[in-house]
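Work through the exercises below with the sequence and the coordinates open beside you. Each task is followed by a solution that goes step by step.

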Amino acid sequence: AHAQLLFHTDGFGSSPEAIAAQPPGLETPSFGITPEMNTGLFLMAPAAAALAAAWCAALDADGAFSNWKNDQQALNQLLRRGLVTPPGHARKLMAAYGGSLQLGLLPNHLFPSGHLFFIQRALHRLGATPVAVHLTFQNCDQSGKRHRMREGGLWLVDDVASHFLPAGGLLSYEPDLPPELTSRFGESKLPPRNLRLSDQLVQDHFALVNHQLAQLRSALRLALLLNRTLVLPRFVCGLETVTNFAHRGIRCLGSNGCRMALPYYCPADHVLRMRPRPPQARTPRGGGRGLHGRSREQALLARRHAAAARAPNRLPRVVAAREFPLARPRGARRALQPRQHAARARARLDRPPVRPLRREGVRGRRREAEGYAARVGGGRRPHARVARRDGSQRGAGAGRSGRRGAAAAGARGAHGGR
């Protein structure tokens with residue numbers, strides 16, 4: 001018999017039989033039928049026309065989308081009517097929709113869900129190349145999906161020059177991940193029930209993530225001051241982030257094929273809000289939209305070589321950006337390499353500023369940035385940070401009053417300019 005329906009599922013792993021099959025075949029039913037069959041990717045033969053008509057009728061009914069129901073749940077209810085699953089692993093076809101249709105499941109390792117590809121990273125372990133990746137089990141809607149594809153090297157439509165070599169250059173760093181924060185997790189340490197906010201394991205997860213966010217905030221401040229674009233680090237999470245229901249710390253725990261380990265390299269949308277900020281929340285420097293206008297995915301430096309191969313004439317061979325390690329053991333210091341507009345800036349990153357950015361509007365943020373620049377740059381006068389190359393001044397010391405402007409001009413003449 002031949003399949004009349006082929007469905008991608010939300011399965012959490014492939015069976016050994018499906019992985020070893022040459023040529024590739026269908027998935028073992030027990031590794032995909034328990035999760036939902038996903039309407040994001042499926043094939044129907046003409047014999048399934050009656051099922052399609054019943055599906056449309058179910059969606060036209062009153063209350064079809066009440067109580068968070070959706071089209072996928074409606075189709076699953078129809079398919080599972082009279083579903084007959086064959087015993088053992090030899091037969092891969094199931095009788096669905098009252099026994100009238102033959103249903104097969106696409107192999108999970110060749111048509112992986114977002115959990116299998118991005119979170120478990122199962123295909124990296126198997127060395128398999130997927131046919132299609134379904135961007136499920138993710139946060140932040142379309143913005144999160146696009147960022148995940150960039151992280152996985154699957155998004156190939158970015159402008160090569162502007163994305164991989166933005167104006168001003170790049171700034172990247174290696175996060176500090178002390179063992180005392182990363183060694184608190186593992187499947188054996190998970191409770192037998194769903195996690196609660198009061199659990200120590202949850203507090204340990206927040207301690208690990210907040211430690212990385214403090215470093216990210218310092219790096220973003222420095223990138224803004226140097227007019228660079230920040231390359232995000234690869235985040236590490238202690239517990240899996242799921243926004244729509246409770247769990248024990250691993251979403252797929254107990255499911256066939258699940259190979260989740262804690263802690264894990266988590267996608268950026270598990271830590272950050274990936275949606276762009278509204279125009280009124282733009283930063284005063286550079287005109288971007290905060291982190292989303294001045295950052296790139298963590299895989300950018302590795303992807304740049306592939307991008308250069310695709311469009312060698314659009315990406316300069318000499319890359320102006322350097323990688324600056326920001327997070328180091330306490331007590332260690334390193335000065336930034338000289339750079340045109342930041343030749344005197346020194347990174348005092350053994351004491352990173354972890355205080356959140358104040359939301360006082362454009363003027364308040366500019367004062368805060370200028371004060372921080374004076375501290376890390378070694379200068380005592382805030383107005384020295386905002387001196388322009390042509391000798392004119394803006395910000396503190398010029399343009400606010402004639403008397404203060406004259407004093408600034410006199411100081412500039414006495415010292416020969418900055």
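**Exercise 1: Leu262 and the nonpolar cores**

Leu262 touches Phe185, Gly186, Leu190, Gly238, Leu239, Glu240, Gly249 and Ile250, where residues up to four places away in sequence are not counted and contact means heavy atoms within 4.5 Å. The model is a predicted one, in which local features need pLDDT of at least 70 and side-chain atom pairs count only at pLDDT 80 or more, while totals for chains, interfaces and linings use all residues. Residues are numbered from 1 along each chain as its sequence is written, and side-chain values use heavy atoms, with hydrogens and water left out.

Task: place Leu262 in its nonpolar core, and state which elements supply that core.

Solution. Begin with the term: a nonpolar core is a set of buried Ala, Val, Leu, Ile, Met, Phe, Trp, Tyr and Cys residues joined through side-chain atoms within 4.5 Å, and buried means under 20% relative accessible area, with a 1.4 Å probe and protein chains only. The largest such core has 38 residues, and Leu262 is listed with Leu230, Leu239, Met260 and Leu272 as having the most contacts inside it. At least two residues of this core come from each of α9 (200–225), β7 (235–237) and β8 (264–266), where helices (H or I, at least four residues) and strands (E, at least two) are DSSP runs numbered from the N terminus. The most is given by α9, with ten residues. A second, separate core of 16 residues includes Phe7, Ile33, Trp55 and Ala96.

**Exercise 2: The sheet and its helices**

Task: derive which strands stand at the edges of the four-stranded sheet, and describe how α2 and α3 lie on the strands.

Solution. First establish the pairing, for which DSSP must find at least two bridges between two strands. β1 (5–9) pairs with β2 in the antiparallel sense over five bridges, and Leu5 has Met44 of β2 as its bridge partner. With β4 (residues 101–105), β1 pairs in the parallel sense over three bridges; Phe7 stands opposite Leu105 there.

Next, assemble the order, which is β2-β1-β4-β3 in an open sheet with mixed pairing. Because β2 and β3 each have a single partner strand, they stand at the edges, and one side of each is left without a neighbour in the sheet. From one strand to the next, the twist averages 40 degrees.

Then add the helices, taking axes as lines fitted to C-alpha atoms, for helices over the stretch in contact, with angles from 0 to 180 degrees between N-to-C directions. α2 packs on the sheet, touching β1, β2 and β4, and its direction makes about 145 degrees with that of β2. α3 lies across β1, β2 and β3, and runs at about 60 degrees to β2. The buried residues of α3 (residues 71–79) include Leu75, Leu78 and Leu79.

**Exercise 3: Gln138**

Task: decide whether Gln138 counts as buried or exposed, and find what its side chain reaches.

Solution. Gln138 is placed in the loop between α5 (122–126) and α6 (141–151). Because its relative accessibility is 17%, Gln138 counts as buried. Its side chain reaches the backbone nitrogen of Lys145 at 3.4 Å. Not counting residues up to four places away in sequence, Gln138 touches Gly144, Lys145, Arg148 and Asp269.

Definitions and conventions:
Buried < 20%, exposed > 50% of the residue type's maximum accessible area, 1.4 Å probe, protein only. Polar contact = N/O pair within 3.5 Å; in protein donor to acceptor, adjacent residues only side chain to side chain.
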